[in-house]
Amino acid sequence: MLGIDIFSGDFIFDAVKSAKSETIAEYFAKMARKYEEKGIKELHFFFDQNTTHKSKMQDKFKELTEKLYVKTRFHFIASYSPKLNLVEYAIHLIRQKVLHHADCKKNLADF
């Protein structure tokens, strides 16, 4: 999974075997805890229309973060609008700079 902090430009990457709603909720809950520790009071998450980002993930996220003080909001970008999705740009850069000549038998966790 890949997230981008739009203020610092940092990539937040986590290699997982499968990206299910529960796994994605855990990824974003971990991120929320990290930013709360930094003193951030409000987080905005922007998602594409992938079904793993819908209500099941959001319910699990709320369950995992109910004791946090950081306020979180979910926003969804329009369907079929990859130019609005920063992660798409990051994936393109990773493909160009890192994976272009990579061994196809390796997975991302090996890099």
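**Fold, core and a buried strand residue**

Read from start to end, the chain runs β-β-α-β-α-β-α, which adds up to 3 helices and 4 strands. The model is a predicted one, and its pLDDT averages 83 over the chain, with 90% of the residues scoring at least 70. Confidence peaks in α2, at 94, and bottoms out in helix α3 (residues 86-99), where the mean is 71. As a rule, coordinates predicted with low pLDDT should not be read in detail.

In overall dimensions, the C-alpha trace spans about 45 × 30 × 25 Å along its principal axes. Of the 111 residues in the chain, 27% are buried. About 8400 Å² of surface is exposed, and 54% of that comes from carbon and sulfur atoms. Contacts reach a long way along the sequence: among those between residues at least 6 apart, 62% join residues at least 24 apart.

Helix α1 takes up residues 21-37, and its geometry checks out: at 1.5 Å a residue its 17 residues should span 24 Å, and the end C-alpha atoms are indeed 24 Å apart. Quite a list of its residues is buried, namely Ser21, Ile24, Ala25, Tyr27, Phe28, Ala29, Met31, Ala32 and Tyr35. The cover over these buried positions includes β1 (2-4), β2, β3 (42-47) and α2 (55-65). After the helix comes Gly39, with a positive phi near 95°.

The largest nonpolar core counts 18 residues, and Phe28, Met31, Phe45 and Phe61 have the most contacts inside it. At least two core residues come from each of α1, β3 and α2, with α1 giving the largest share, 8 residues. Phe61 shows how these pieces meet. Setting aside neighbours within four places in sequence, Phe61 is in contact with Ala25, Phe28, Ala29 and Ala32, and also with Phe45, Thr72 and Phe74. The first four of these partners are on the list of buried α1 residues.

Over in strand β2 (residues 11-13) sits Ile12. With a relative accessibility of 14%, Ile12 falls under the 20% cut-off and so counts as buried. What does Ile12 touch, not counting residues up to four places away in sequence? Its partners are Met1, Leu2, Gly3 and Asp5, together with Tyr27, Met31, Lys34 and Tyr35. Tyr27, Met31 and Tyr35 are themselves buried in α1, and Met31 is one of the core residues with the most contacts. As for Leu2, its C-alpha atom is separated from that of Ile12 by 5.6 Å, although the two are 10 residues apart along the chain.

Key: Residues are numbered from 1 along each chain as its sequence is written. This is a predicted model: local features need pLDDT of at least 70, side-chain atom pairs count only at pLDDT 80 or more; totals for chains, interfaces and linings use all residues. Side-chain values use heavy atoms; hydrogens and water are left out. Buried means under 20% relative accessible area, exposed over 50%, partly exposed in between (1.4 Å probe, protein chains only). Contact means heavy atoms within 4.5 Å. The expected span of a helix is 1.5 Å times one less than its number of residues. A nonpolar core is a set of buried Ala, Val, Leu, Ile, Met, Phe, Trp, Tyr and Cys residues joined through side-chain atoms within 4.5 Å. pLDDT is the predictor's confidence in each residue, from 0 to 100. Accessible areas come from the Shrake-Rupley method with a 1.4 Å probe; for residues, only the protein chains shown count as cover.
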